[in-house]
Amino acid sequence: VYSLWDIPVPALLEGKPPMQIPSIVKEKVPGLLWENAKVWTIVNIIVYNLPVQSRVFFVSVTEIFWASIVSNVATSKISSSSSSSDDSSTSEDDTAAASSFIIGEMPGEREKLENSSS
């Protein structure tokens, strides 16, 4: 599922060319599988020690957190060999993008406004 939907679709929505999708998937899937093993192994150990009537609720709550992890991995920038100064600008870009999303701006809208005012 990750390599067919959760990673390619956000990449395409970001405007990545379809030819880059296989390399993006190849880079992100191993980390996502590792996160999957860490989260769901522990959850399954807990779930099968809970009373039957509590299992669905616990798994549903965990799924909400899991969806946020998948979303974070799928939309994260591809790691590259860059210097630490580039890393700080990337985190600033990510923070600006997140705040734009939270306040309802379209991606790139803020940059257009800043460019038109100067």
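Guide: Before we look at this predicted model, one definition will help: a helix axis here is a line fitted to C-alpha atoms over the stretch in contact, and the angle between two axes runs from 0 to 180 degrees between their N-to-C directions. The protein chain holds six helices and zero strands, and its pattern along the sequence reads α-α-α-α-α-α.

Visitor: Why are H3 and H4 called roughly antiparallel to each other?

Guide: The axes of H3 and H4 come within 11 Å and cross at roughly 165°. Angles over 145 degrees count as roughly antiparallel, and H3 and H4 therefore belong in that class. Their crossing is also right-handed.

Visitor: What makes Trp 40 count as buried?

Guide: Trp 40, which is found in helix H3, has a relative accessibility of 14%. Buried means under 20%, so Trp 40 is counted as buried. Across the protein chain, buried residues make up 18% of the 118 residues. Trp 40 can also be set beside Glu 63, since the two are 23 residues apart in sequence and 9.5 Å apart in space, C-alpha to C-alpha.

Visitor: How do you know that Glu 35 and Lys 38 form a salt bridge?

Guide: The closest N and O atoms of Glu 35 and Lys 38 are 3.2 Å apart. A salt bridge needs a side-chain nitrogen of Lys or Arg within 4 Å of a carboxyl oxygen of Asp or Glu, so the pair of Glu 35 and Lys 38 qualifies. Side chains of opposite charge can pair when their charged atoms come close. Both residues lie in helix H3 (residues 21-47), three residues apart, which is about one turn of the helix, and the structure holds one salt bridge.

Visitor: Why are Glu 35 and Lys 38 called partly exposed?

Guide: Glu 35 has 24% relative accessibility, and Lys 38 has a relative accessible area of 38%. Partly exposed is the class between buried, under 20%, and exposed, over 50%, so Glu 35 is placed there, and so is Lys 38.

Visitor: What makes Phe 57 count as exposed?

Guide: Phe 57 has its place in helix H4 (residues 52-75), and its relative accessibility is 62%. Exposed means over 50%, so Phe 57 counts as exposed. Together with Val 61 and Phe 65, Phe 57 makes a nonpolar surface patch of about 340 Å².

Key
Residues are numbered from 1 along each chain as its sequence is written. This is a predicted model: local features need pLDDT of at least 70, side-chain atom pairs count only at pLDDT 80 or more; totals for chains, interfaces and linings use all residues. Side-chain values use heavy atoms; hydrogens and water are left out. Patches are made of residues with over 30% relative accessible area and no salt bridge: like charges are joined within 9 Å, nonpolar side chains (Val, Leu, Ile, Met, Phe, Trp, Tyr) within 5 Å. Accessible areas come from the Shrake-Rupley method with a 1.4 Å probe; for residues, only the protein chains shown count as cover. Helices (H or I, at least four residues) and strands (E, at least two) are DSSP runs, numbered from the N terminus. Buried means under 20% relative accessible area, exposed over 50%, partly exposed in between (1.4 Å probe, protein chains only). Angles under 35 degrees count as roughly parallel, over 145 as roughly antiparallel, 65 to 115 as roughly perpendicular and the rest as oblique. A crossing is left-handed if the near helix is turned anticlockwise from the far one by less than a right angle, and right-handed if clockwise.
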